Amino acid sequence: MAQAFQRHPSSSLFATDGKPHPLQDTLMAVTLGLGVLAFVTAQFHSLHLVASWAGLIGILTGAYGQYISVTTRERTFLIIGLGAAAVGFFLGMARGGLFGGVIG
């Protein structure tokens with residue numbers, strides 16, 4: 001009976017399949033970075049251009065990263081980055097948008 005239940009190392013939330021995924025890891029890092037940038041700059045009214053553009057690009061890179069992701073670790077961090085990018089994007093849009101004050 002001892003062999004009926006064995007925990008595999010790949011059952012962890014942050015485990016990978018043991019193969020390198022450079023494109024997915026790069027998209028994950030870019031999405032997290034842009035999400036943090038968008039979220040932080042959205043807290044300042046005068047930085048709405050940075051927040052909205054960083055959020056929009058973060059949403060696009062995160063969506064493509066989700067499309068090609070392989071492991072749970074990638075998907076977890078992509079969702080965190082996507083959430084931060086979306087909050088930053090929407091706050092940036094509410095405070096002036098992508099071109100607010102520059103065009104028109």
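In the predicted model, Leu-56 makes contact with Phe-89 and Leu-98 once residues up to four places away in sequence are set aside. Leu-56 belongs to helix H2, and its relative accessibility of 24% places this residue in the partly exposed class, because buried would require a value under 20%. A further relation links Leu-56 to Ala-86, in that the two residues are separated by 30 positions in sequence, while their C-alpha atoms lie 7.5 Å apart in space. Of these partners, Phe-89 is among the buried residues of H3, and Ala-86 is likewise listed among the buried residues of that helix.

The protein as a whole contains three helices and zero strands, and its elements follow one another along the sequence in the pattern α-α-α. Of its 104 residues, 35% count as buried, and the accessible surface comes to about 6500 Å², with carbon and sulfur atoms contributing 71% of that area. Among contacts with a sequence separation of 6 or more, 78% are made between residues 24 or more positions apart.

Helix H1 comprises the 20 residues 22-41, and the distance of 28 Å between its end C-alpha atoms agrees with the 28 Å that should be spanned at 1.5 Å a residue. The buried residues of H1 are Gln-24, Leu-27, Met-28, Thr-31, Leu-34, Gly-35, Ala-38 and Thr-41. An α-helix has 3.6 residues a turn, so residues three or four places apart point the same way. The cover over the buried residues of H1 includes helix H2 (48-68) and helix H3 (72-94).

Two packed helices are described by the angle between their axes and the distance between the axes. For H1 and H3, the axes are 7 Å apart and the packing angle is about 30°; since angles under 35 degrees count as roughly parallel, the two helices are therefore assigned to that class. The crossing of H1 and H3 is left-handed. On the H1 side, the residues that meet H3 include Gln-24, Leu-27, Met-28, Thr-31, Gly-35 and Ala-38, each of which is also listed as buried. On the H3 side, the residues in this interface include Arg-73, Glu-74, Leu-78, Gly-81, Leu-82, Ala-84, Ala-85 and Gly-88, and these too appear among the buried residues of H3.

The axes of H1 and H2 come within 8 Å and cross at roughly 155°; because angles over 145 degrees count as roughly antiparallel, this pair is described in those terms. H1 passes H2 in a left-handed crossing. The H1 residues that meet H2 include Leu-23, Val-30, Leu-34, Leu-37 and Thr-41, whereas Gln-24, Leu-27, Thr-31 and Ala-38 of H1 meet H2 and are also found in the set that meets H3. From H2, the contributing residues include Val-50, Ala-54, Ile-57, Thr-61, Tyr-64 and Ile-68, together with the glycines Gly-55, Gly-58, Gly-62 and Gly-65.

Helix H3 has 23 residues and reaches 33 Å from its first C-alpha to its last, close to the 33 Å expected at 1.5 Å a residue. Its buried residues, which include Gly-92 in addition to those named above, pack against H1 and H2. Just after H3, Gly-96 takes a positive phi of about 155°.

Terms used. Residues are numbered from 1 along each chain as its sequence is written. This is a predicted model: local features need pLDDT of at least 70, side-chain atom pairs count only at pLDDT 80 or more; totals for chains, interfaces and linings use all residues. Side-chain values use heavy atoms; hydrogens and water are left out. Helices (H or I, at least four residues) and strands (E, at least two) are DSSP runs, numbered from the N terminus. Buried means under 20% relative accessible area, exposed over 50%, partly exposed in between (1.4 Å probe, protein chains only). Contact means heavy atoms within 4.5 Å. Accessible areas come from the Shrake-Rupley method with a 1.4 Å probe; for residues, only the protein chains shown count as cover. The expected span of a helix is 1.5 Å times one less than its number of residues. Axes are lines fitted to C-alpha atoms, for helices over the stretch in contact, and angles run from 0 to 180 degrees between N-to-C directions. Angles under 35 degrees count as roughly parallel, over 145 as roughly antiparallel, 65 to 115 as roughly perpendicular and the rest as oblique. A crossing is left-handed if the near helix is turned anticlockwise from the far one by less than a right angle, and right-handed if clockwise.
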